[in-house]
Amino acid sequence: MLIKKAADIASSEITPKQLYLNRRAFLAGSAAAIAGAGLKELAFPSRRAQAAPSPKFEGLQKSQFSTTETITPFKDVTHYNNYYEFSTDKEGPAELAKNFRTHPWKVTIDGLVEKKQVLDAEDIIKWAAPEERIYRHRCVEGWSIVVPWVGFSLSELIKRAQPLGKAKFVEFTTLYDMQQMPGQRQRVLDWPYVEGLRMDEAMHPLALLCFGMYGDALPNQDGAPLRIVVPWKYGFKSAKAIVRFRFVEKQPTNTWNESAPSEYGFYSNVNPHVDHPRWSQAKERRLGEFLKRPTLMFNGYDQVAGLYSGMDLKKNF
């Protein structure tokens, strides 16, 4: 049997403790336990259904882009997070981010734009009527979720900034604060976290400027107070806790691509035909479920296919 040393194992390769213990129980097979529990509870027995908080946003518009798939329980989405600024442990951010300060919060809009400005996040949130969008998401590590996000199209911010003709990309920078974000004290990544989109991607109506979920404000561990959501790309493209939108001519160097260029490309479109060097992307496991399902091209959002017409999506991964 081949045993890898801990130092050689990326956090993304480590099976969640609950899932590992649960799989053993499933294989060992206690007839009484299996008879009394569904597959969802077998996958995450410690995460019973938990109601979302009372809605903060009244009269939310229902988006035409929403999926009709079953929404992932609030408890799962708020207690299983990829948020390395706090912890590489999926269950760590929920506890470590509980005192994270999100007010006041300044956002800089600069670069190749007519209207450079520094704004309060709360003012940005008032720019347009919020709507609820139920999006499915696919993590590069093989798990997926379905979340009712609250926000409006990222294009609203872009249009107000009035980009110059030379602006071909928009770059997102997240907060760098080692006192509040203990994960940044470790050089796991080159902080602050930076992501970016091509301008036509950012302007696509599916790209969401997000400030809530499940009818309420974003929890700290899910990206409060302001994040983007790009549902046809792997989850790490959806930057959290954004403090700067910068419009640039050249393709930004996003953090994960800089850290591991052979594993994480700039585009990072969900593509079941392009495997991560260390695992297949052909299937995914929805949080709360035991069995895997096939991964869909563009995560099922075929509306964006035209953005990549003529591109080699295996080369431009």
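Here is a short chat between a visitor and a guide about this predicted model.

Visitor: How many helices and strands does the chain come to?
Guide: Let's start with the overall make-up. The chain has 317 residues, and 52% of them are buried. Its secondary structure comes to nine helices and 13 strands.

Visitor: What share of the contacts with a separation of 6 or more comes from residues 24 or more positions apart?
Guide: This one is about how far along the chain the partners sit. Among contacts with a separation of 6 or more, residues 24 or more positions apart account for 71%.

Visitor: Which strand gives the most to the largest nonpolar core?
Guide: The largest nonpolar core has 70 residues, and those with the most contacts inside it include Leu-154, Ile-228 and Trp-232. Strands chip in too, and the one that gives the most, with six residues, is E5.

Visitor: How many residues are in the second, separate core?
Guide: In soluble globular proteins, nonpolar side chains tend to be buried together. Here a second core, separate from the largest one, includes Val-140, Leu-189, Trp-256 and Val-270, and its residue count is twelve.

Visitor: Is His-204 buried or exposed?
Guide: His-204 is found in the loop between helix H8 and strand E8. Buried means under 20% relative accessible area. His-204 comes in at 12%, so it counts as buried.

Visitor: Which residue in the largest core's list of most contacts does His-204 touch?
Guide: Leaving aside neighbours within four places in sequence, His-204 is in contact with Trp-232, Gln-303, Val-304 and Leu-307. The core's list of residues with the most contacts reads Leu-154, Ile-228, Trp-232, Phe-245 and Phe-247. Seen from the other side, the contacts of Trp-232 include His-204, Val-304 and Leu-307. The name found in both lists is Trp-232.

Visitor: How many bridges pair E5 with E8?
Guide: E8 is mostly covered, with six of its six residues buried. E5 runs antiparallel to E8, and Val-150 has Gly-212 in E8 as its bridge partner. The number of bridges between E5 and E8 is five.

Visitor: Which residue stands opposite Leu-209 in E10?
Guide: E8 and E10 run antiparallel and are joined by three bridges. Opposite Leu-209, the E10 residue is Ile-228.

Visitor: Which residue in the turn between E8 and E9 has a positive phi?
Guide: E8 and E9 run antiparallel with two bridges between them, and Gly-212 stands opposite Ala-217 in E9. The two strands form a hairpin with two residues between them, and the turn residue with a positive phi, about 50°, is Tyr-214.

Visitor: How many disulfides are there?
Guide: Take two cysteines as examples: Cys-139 is buried at 7% relative accessible area, and Cys-210 is buried at 0%. A disulfide needs two cysteine sulfur atoms within 2.5 Å. By this rule, the count is zero.

Visitor: How far apart in space are Ser-268 and Phe-317, C-alpha to C-alpha?
Guide: Ser-268 lies in the loop between helix H9 and strand E12, and at 3% relative accessibility Ser-268 counts as buried. Its contacts include Lys-233, Tyr-234 and Phe-317. Ser-268 and Phe-317 are 49 residues apart in sequence, yet their C-alpha distance is 5.3 Å.

Visitor: Which residue's backbone oxygen lies 2.6 Å from a polar atom of the Ser-268 side chain?
Guide: Here we look at the side chain of Ser-268. One of its polar atoms lies 2.6 Å from a backbone oxygen, and that oxygen belongs to Gly-265.

How values were computed: Residues are numbered from 1 along each chain as its sequence is written. This is a predicted model: local features need pLDDT of at least 70, side-chain atom pairs count only at pLDDT 80 or more; totals for chains, interfaces and linings use all residues. Side-chain values use heavy atoms; hydrogens and water are left out. Helices (H or I, at least four residues) and strands (E, at least two) are DSSP runs, numbered from the N terminus. Buried means under 20% relative accessible area, exposed over 50%, partly exposed in between (1.4 Å probe, protein chains only). Contact means heavy atoms within 4.5 Å. A nonpolar core is a set of buried Ala, Val, Leu, Ile, Met, Phe, Trp, Tyr and Cys residues joined through side-chain atoms within 4.5 Å. Two strands pair if DSSP finds at least two bridges between them. A polar contact is a pair of N or O atoms within 3.5 Å; within protein, one must be able to donate a hydrogen and the other to accept it, and residues adjacent in sequence count only if both atoms are side-chain atoms.
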